Amino acid sequence: MQKGYLIKNISIVNEGQIKVNDLLIADGIIQKIGTIYSSPDHTVIDGTGKYLFPGIIDGQVHFRDPGLTHKGDLHSETRAAVAGGVTGFIDMPNTVPNVLTVEILEEKYRIAAEKSLANYSFFLGVNGDNLDEVLKLDTSKFIGVSDDGLYFTKKGNLLADNPATMEKLFAGCKSIIAIHSEKEQIVEENEAIYKAKYGEDVPVEFHPIIRSEKACFEATKRAIDLANKYHARLHILHLTTEAETHLFRNDIPLDKKNITTEVSVHHLWFSDEDYNRLGTLIKWNPAIKTKRDKEGLLKALLDNRIDIVTTDHAPHTLEEKQRPYFQSMSGAPMVQHSLNIMLEFYKQGLISLEQIAEKMSHNVAILYRMHQRGFIREAYFADLVIVDLDSSWTVSKENILYKCGWSPCEGTRFQTKIVQTFVNGNLVFDNGIFDESLKGVAIEFTNQ
Ligand SMILES: [Zn+2]
């Protein structure tokens, strides 16, 4: 039997409310919420003045395992995740080998069972090469299919760029189709213009003009039209422009939506004004765009056109990032700081604590139809995070847990602190101390 914990007198942020209560964890489960008297078999945690959130579920990460483990792996990056209050994640298919078959997918589950401190799930990769096989698969085996990151291995692997492939996929696929939405042809035309002007070393502030609003908007519009035509279940990954937000609906509840979308935390946090200071460290695909886009994304998140917040956590070594424009790798590590960033927006009066719980936990569980997770409810898994809203600290090399050892947030002072994180009732992160004796488990879901 697992150790029991009684959290006393804590402000519980859940399902649109904040209420001070006690909460009992035993055998991995939230046993009871209410007034609870302690017994000798409970470790008591005094929650006075602190806030309890459902554990963050990150719907898009690249933990690099297997095959790219010089950047990160399922142990190093999940340590960073739980230190940031993240208790579950969905990893993308561009590990090496790319996750294009069920056998490779199962291998990832095996590695995660051995190494991951958080609960896990994995997208199956889809491209023109494996489409016919994917359409024959039993969808209960994977949480969704995605093309994200696969274009790094082979040009032309972006679904958004292959209307014929996409048409066939949308007509036949019963699972969630999560796509990276940029029109490569527009990007390539823009690249040629800037290459002619600057050679290899294009100033990075042109990145959002090369990977332009038009490239994003046209791809997203086309994907939505196709999804509507076939009644497919489409999820657009990491939205970056204000213009695209108007393509999404908020007049129906999330569990009734066929078309959903997300914003990654860096597209809310940074804008093109930061390229000057941070250079290629904030080179992402799709790109960080203007302040107006950033504000439009937050607005759409708050009015439910955008459903969830993810990180697209994508570690690279500093050396891989600090190359000239065309060689500098796109993506950056974010998973340790996503909750802190959203809580900064709360401090600025831009979002409520209840909305943070909704967009980073409840809605991820609803969108991906996860079982017994994403909410603070009796009989649900005890995936929980305790937060101190009045404790400041600064991101520095000394407290970054990523294997790559750097963060675009270095030097940033956060006004809130992740104190403790429970995964399946195990106190995996306790004020900087890790208990790695128990590993995360595969997240169960319904996918059809
Ligand atoms: Zn990604």
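Mentor: Contact here means heavy atoms within 4.5 Å. The model is predicted.

Trainee: What makes the meeting of helix 4 and helix 7 a contact, and which residues meet?

Mentor: Pro163, Met166, Glu167, Phe170 and Ala171 of helix 4 meet Arg222, Ala223, Leu226, Ala227, Lys229 and Tyr230 of helix 7. These residues count as contacts because they have heavy atoms within 4.5 Å. The helix axes lie 9 Å apart, at an angle of about 35 degrees, and the crossing is right-handed.

Trainee: How many nonpolar, polar and charged residues does the contact of helix 4 with helix 7 have?

Mentor: There are 8 nonpolar, no polar and 3 charged residues. Glu, Lys and Arg count as charged, so Glu167, Arg222 and Lys229 fall in that class.

Trainee: Which residues make the contact between helix 13 and helix 14, and at what angle do the axes cross?

Mentor: The axes of helix 13 (residues 338–347) and helix 14 (residues 353–367) come within 10 Å and cross at roughly 145 degrees. Helix 13 contributes Ser338, Leu339, Met342, Leu343 and Tyr346, and helix 14 contributes Leu353, Ile356 and Met360. By class this contact has 7 nonpolar, 1 polar and no charged residues. Ser is not listed as nonpolar or charged, so Ser338 is counted as polar.

Trainee: Why is the site of the zinc ion called irregular?

Mentor: The angles among its 4 donor atoms run from 83 to 168 degrees. Four donors count as tetrahedral if all angles lie between 85 and 135 degrees, so a range of 83 to 168 degrees rules that out. The site is classed as irregular.

Trainee: What makes Gln60, His62, Asp148 and Asp312 donors of the zinc ion?

Mentor: Gln60 (OE1), His62 (NE2), Asp148 (OD) and Asp312 (OD) coordinate the ion at 1.9 to 2.2 Å. The cut-off is 2.8 Å, so these atoms qualify. Along the chain the donors follow the spacing Q-x1-H-x85-D-x163-D. Aspartate 148, in the loop between strand 10 and helix 4, and aspartate 312, in the loop between strand 14 and helix 12, are 164 residues apart and link distant parts of the chain.

Trainee: How do you know that strand 6 and strand 7 pair?

Mentor: They share 4 bridges in the parallel sense. Pairing needs at least two bridges, so the condition is met. The bridge partner of isoleucine 57 is glycine 88 in strand 7.

Trainee: Which strands are the edges of the open sheet with the order 6-7-8?

Mentor: Strand 6 (56–61) and strand 8 (119–122) are the edge strands, as each pairs on one side only. The twist averages 20 degrees from one strand to the next.

Definitions and conventions:
Residues numbered from 1 in each chain as written. Predicted model: local features only at pLDDT ≥ 70, side-chain atom pairs only at ≥ 80, totals over all residues. Heavy atoms only, no water. Axes fitted to C-alpha atoms, helices over the stretch in contact; angles between N-to-C directions. Donors = N, O, S within 2.8 Å, 3.2 Å for Na, K, Ca; no water. Tetrahedral: all angles 85-135°; square planar, octahedral: opposite > 155°, others 65-115°. Left-handed = near helix turned anticlockwise from the far one by under 90°.
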